[in-house]
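Trainee: Could you take me through one part of this model closely, the place where the two chains meet? I'd like the picture built up piece by piece.

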There are 2 protein chains.
Amino acid sequence: MPRKVDHRERRELLADALMRLAASGGLEEVSLRHVAAEAGVSTGMVQHYFRTKDEMMTFALGMVTDRIRERSQAELVPGPPLELVRGLLLQVLPLDETRRLENHVVLAFLAYAAVKPSIASGLRQLAAETRTFIADQLRAAGPADGVDPERAAAGLLALVDGLGLQLLSQQYDEEEAVAALDAQLALLFGGHPGRG
Amino acid sequence: MPRKVDHRERRELLADALMRLAASGGLEEVSLRHVAAEAGVSTGMVQHYFRTKDEMMTFALGMVTDRIRERSQAELVPGPPLELVRGLLLQVLPLDETRRLENHVVLAFLAYAAVKPSIASGLRQLAAETRTFIADQLRAAGPADGVDPERAAAGLLALVDGLGLQLLSQQYDEEEAVAALDAQLALLFGGHPGRG
């Protein structure tokens with residue numbers, strides 16, 4: 001252990017504890033006291049890093065969006081636009097444990113943001129970046145007839161948000177969700193088949 | 001006032017109080033005690049009708065889905081399939097105060113259902129009915145080239161769920177959301193323009 005405390009790392013440890021709590025019990029389980037217990041530290045220590053629950057939640061949400069962004073950029077290998085968009089969107093859907101955990105947290109935050117919109121500015125920014133990326137790829141591919149890239153990008157991202165919501169509440173299985181995404185991609189990109 | 005207590009009505013009054021709390025403060029504000037205070041009755045009275053918070057939430061969610069279903073059916077006047085589907089989906093989007101309240105509650109429930117999937121069975125059933133209705137309308141209209149009615153219905157409903165989520169967390173304005181819906185409808189129904 002380095003002697004100097006790494007504050008960023010400490011905050012991330014606490015935010016990870018918050019995420020585990022949100023994923024297992026929902027945001028109701030999230031309080032400075034519960035996070036302290038989950039992380040195995042004192043409540044005073046949590047209060048040293050975060051004065052309020054809102055501050056802690058805003059930090060954790062920023063951490064989640066940073067991770068999604070980094071993972072998406074790492075996945076970006078040169079390829080046809082449809083594959084790029086598909087790869088990006090599969091990084092968002094809750095198709096493995098990491099992404100399920102992230103989706104739980106994002107969903108809990110969105111429910112919270114519906115009553116406190118200010119905390120969702122990080123999410124809004126990530127969504128705007130993603131829409132721009134998708135619209136650019138559609139323009140590069142030459143979209144199908146009658147497809148407006150901006151509107152289509154907005155619709156596609158909404159579809160993925162909705163699928164994520166439905167997967168988390170078990171309205172669907174994963175295969176159906178990916179098939180619905182692929183059907184939409186084929187429609188927008190003019191009938192190129194998605195990968196198997 | 002009738003002398004005999006209408007139990008159904010009592011439960012609905014309590015569920016309405018629950019909805020107001022969920023919409024203003026999120027599910028964290030929802031407890032038997034808070035609902036009692038909001039409805040202006042004793043905690044004992046609430047406990048007489050609902051033994052647990054889960055029981056109360058399940059009832060309130062059923063009430064919301066019943067209302068959405070009834071309103072949708074009341075809206076169904078004979079018309080071309082695209083108009084029927086559009087009318088139905090506009091009933092779901094949070095475009096006025098009633099629907100914003102309902103969306104808040106559904107979103108809060110979905111966040112809760114992600115950790116307790118059993119309570120979302122009513123939502124799953126409403127979603128399945130809606131998908132079947134949309135797929136039937138697509139078949140009746142003769143869908144655009146390459147559109148599979150079942151997959152397209154699933155995708156369309158996911159898109160609307162996602163738009164609702166984005167509207168509530170203020171990622172969008174209402175006009176953009178309706179435009180994204182109309183673009184998708186035009187795509188699926190083969191380029192008929194949506195109404196203005």
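Mentor: Here is a walk through the contact between the chains, followed by some helix packing inside one chain.

First, the ground rules: this is a predicted model, where local features need pLDDT of at least 70, side-chain atom pairs count only at pLDDT 80 or more, and totals for chains, interfaces and linings use all residues. Residues are numbered from 1 along each chain as its sequence is written, while chains are lettered from A and ligands numbered from 1 in the order in which they are written.

Let's start with how the copies relate. Two copies of a chain are related by a rotation about an axis and a shift along it. Here, a turn of 180° and a shift of 0.0 Å along the axis lay chain B on chain A with an RMSD of 0.0 Å (a least-squares fit on the C-alpha atoms of residues with pLDDT of at least 70 in both). That is how a two-fold axis relates its copies.

Now the meeting surface. In chain B, 47 residues are in contact with 46 residues of chain A, contact being C-beta atoms, placed from the backbone, within 7 Å. On the chain B side, α1 (7–25), α6 (97–113), α7 (121–141), α8 (149–168) and α9 (174–188) each supply at least two residues; helices here are DSSP runs (H or I, at least four residues), numbered from the N terminus. The most comes from α8(B), with 14 residues. By class, that side of chain B has 28 nonpolar, 13 polar and 6 charged residues. In this scheme Ala, Val, Leu, Ile, Met, Phe, Trp, Tyr, Cys and Pro are nonpolar, Asp, Glu, Lys and Arg are charged, and the others, Gly among them, are polar. Because 98% of the interface residues of chain B are also interface residues in chain A, the copies meet through the same surface.

Zoom in on G162(B), which sits in helix α8 of chain B. G162(B) counts as buried, with 26 C-beta neighbours inside 10 Å; the cut-offs are 20 or more for buried, 12 or fewer for exposed, and partly exposed in between. Setting aside neighbours within four places in sequence, G162(B) touches A158(A), L159(A), V160(A), D161(A) and G162(A).

Another good spot is L187(A), in helix α9 of chain A. L187(A) is buried too, with 25 other C-beta atoms within 10 Å. Beyond neighbours within four places in sequence, L187(A) contacts A144(A), G146(B), V147(B) and L187(B).

Finally, some packing within chain A. Helices α1 (residues 7–25) and α2 (residues 32–39) of chain A have axes that come within 9 Å and cross at roughly 105°, with axes fitted to C-alpha atoms over the stretch in contact and angles running from 0 to 180 degrees between N-to-C directions. That makes α1(A) roughly perpendicular to α2(A) (65 to 115 degrees; under 35 is roughly parallel, over 145 roughly antiparallel, the rest oblique). L13(A), L14(A), A17(A), L18(A), R20(A) and L21(A) of α1(A) meet H34(A), V35(A), E38(A) and A39(A) of α2(A). This contact has 7 nonpolar, 1 polar and 2 charged residues.

Compare α4 (residues 53–75) and α7 (residues 121–141) of chain A, which pack at about 15° with axes 9 Å apart. That angle makes α4(A) roughly parallel to α7(A).

Methods: Contact = placed C-beta atoms within 7 Å.
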